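Here is a quick walk through one protein chain, written for someone who likes to know the cut-offs behind each term. Have the viewer open while you read.

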Amino acid sequence: QFCTCYKPQDNDLRVFEMNINDYNNDILALQPEPEPEPVDTSGDIIYLTNQDFLYGTYRITQPGIYMLTEDILLNFNQPSDEIKSSPDFSPNSYDELYWMPKQDGTQDDKYMGASTWSG
């Protein structure tokens, strides 16, 4: 008398008919959008010259093969003549990090995250 089991009644039989097109559309709506196939740009060759470095660091923003067509002259964040004439000057200073974007935020527009070590 206290059983919680379901006991179907003979006269309570219900039949439902499902529209197969509605079912298929509902199933498709639940599927995630397929990811677009990645474009293989590894065969792209970009030739670099000194002109590409004329106004600073060349930013690589897409994959590919980058080939230098001549000797490249680099001058990363060159210190002033006054700083270079100091007896304590070292171009390899870990305090100044001349070879990296400045950490004071002055170059954040060109090097996103340089002052925060993120980005």
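What follows goes from the overall picture to a few local spots.

## Ground rules

This is a predicted model, so to speak of local features a pLDDT of at least 70 is needed, side-chain atom pairs count only at pLDDT 80 or more, and totals for chains, interfaces and linings use all residues. Residues are numbered from 1 along each chain as its sequence is written, and side-chain values use heavy atoms, with hydrogens and water left out.

## The overall picture

The protein has two helices and two strands, running α-β-β-α from the N terminus on. Those elements are DSSP runs numbered from the N terminus: helices are H or I with at least four residues, strands are E with at least two.

Of the 119 residues in the protein, 11% are buried. Buried here means under 20% relative accessible area, exposed means over 50%, and partly exposed is in between (1.4 Å probe, protein chains only). The accessible surface comes to about 11,300 Å², and 53% of that belongs to carbon and sulfur atoms; the areas come from the Shrake-Rupley method with a 1.4 Å probe, and for residues only the protein chains shown count as cover. As for contacts (heavy atoms within 4.5 Å), take those between residues at least 6 apart in sequence: 10% of them join residues at least 24 apart.

## Helix α1 and its nonpolar patch

How many of the eleven residues of helix α1 are buried? The number is zero, so α1 (residues 20–30) lies largely in the open. At its N-terminal end, Asn-19 acts as the cap, with a side-chain oxygen 2.8 Å from the backbone nitrogen of Asn-21. That is a polar contact: a pair of N or O atoms within 3.5 Å where, within protein, one must be able to donate a hydrogen and the other to accept it, and residues adjacent in sequence count only if both atoms are side-chain atoms.

There is also a nonpolar surface patch made of Met-18, Ile-20, Tyr-23, Ile-27 and Leu-30, with about 550 Å² of accessible area together. Patches take residues with over 30% relative accessible area and no salt bridge, joining like charges within 9 Å and nonpolar side chains (Val, Leu, Ile, Met, Phe, Trp, Tyr) within 5 Å. One of the patch members, Tyr-23, lies in helix α1 and counts as partly exposed because its relative accessibility is 39%.

## The aromatic cluster

Two aromatic pairs turn up in the structure. Phe-53 and Tyr-58 make a tilted one, 6.1 Å centre to centre with 55 degrees between the planes. Tyr-58 also pairs with Tyr-66, this time edge-to-face, at 6.2 Å centre to centre and 65 degrees between the planes. The rule is that rings of Phe, Tyr and Trp (its six-membered ring) pair if their centres lie within 6.5 Å; planes under 30 degrees apart are stacked, over 60 edge-to-face, and the rest tilted.

Put together, Phe-53, Tyr-58 and Tyr-66 form one aromatic cluster. Phe-53 counts as buried because its relative accessibility is 19%. Tyr-58 is partly exposed at 27%, and Tyr-66 is partly exposed at 22%.

## The salt bridge in α2

The count of salt bridges is one, where a salt bridge needs a side-chain nitrogen of Lys or Arg within 4 Å of a carboxyl oxygen of Asp or Glu. Lys-84 and Asp-81 are the partners, at 3.8 Å from N to O. They sit three residues apart in helix α2, so about one helical turn separates them. Lys-84 is partly exposed at 33% relative accessibility, whereas Asp-81 is exposed at 61%.

## Loop and tail

Gln-51 is in the loop between β1 (45–48) and β2 (65–68), and is exposed at 58% relative accessibility. Its C-alpha lies 9.2 Å from that of Ile-72, 21 residues away in sequence.

Ser-115 belongs to the segment after α2 (81–84) and is partly exposed, with a relative accessible area of 25%. Which residues does Ser-115 contact, leaving aside neighbours within four places in sequence? They are Lys-102, Gln-103, Asp-104, Gly-105 and Asp-108. The C-alpha atoms of Ser-115 and Asp-104 are 5.8 Å apart, with the two positions eleven residues apart along the chain counted as their separation.
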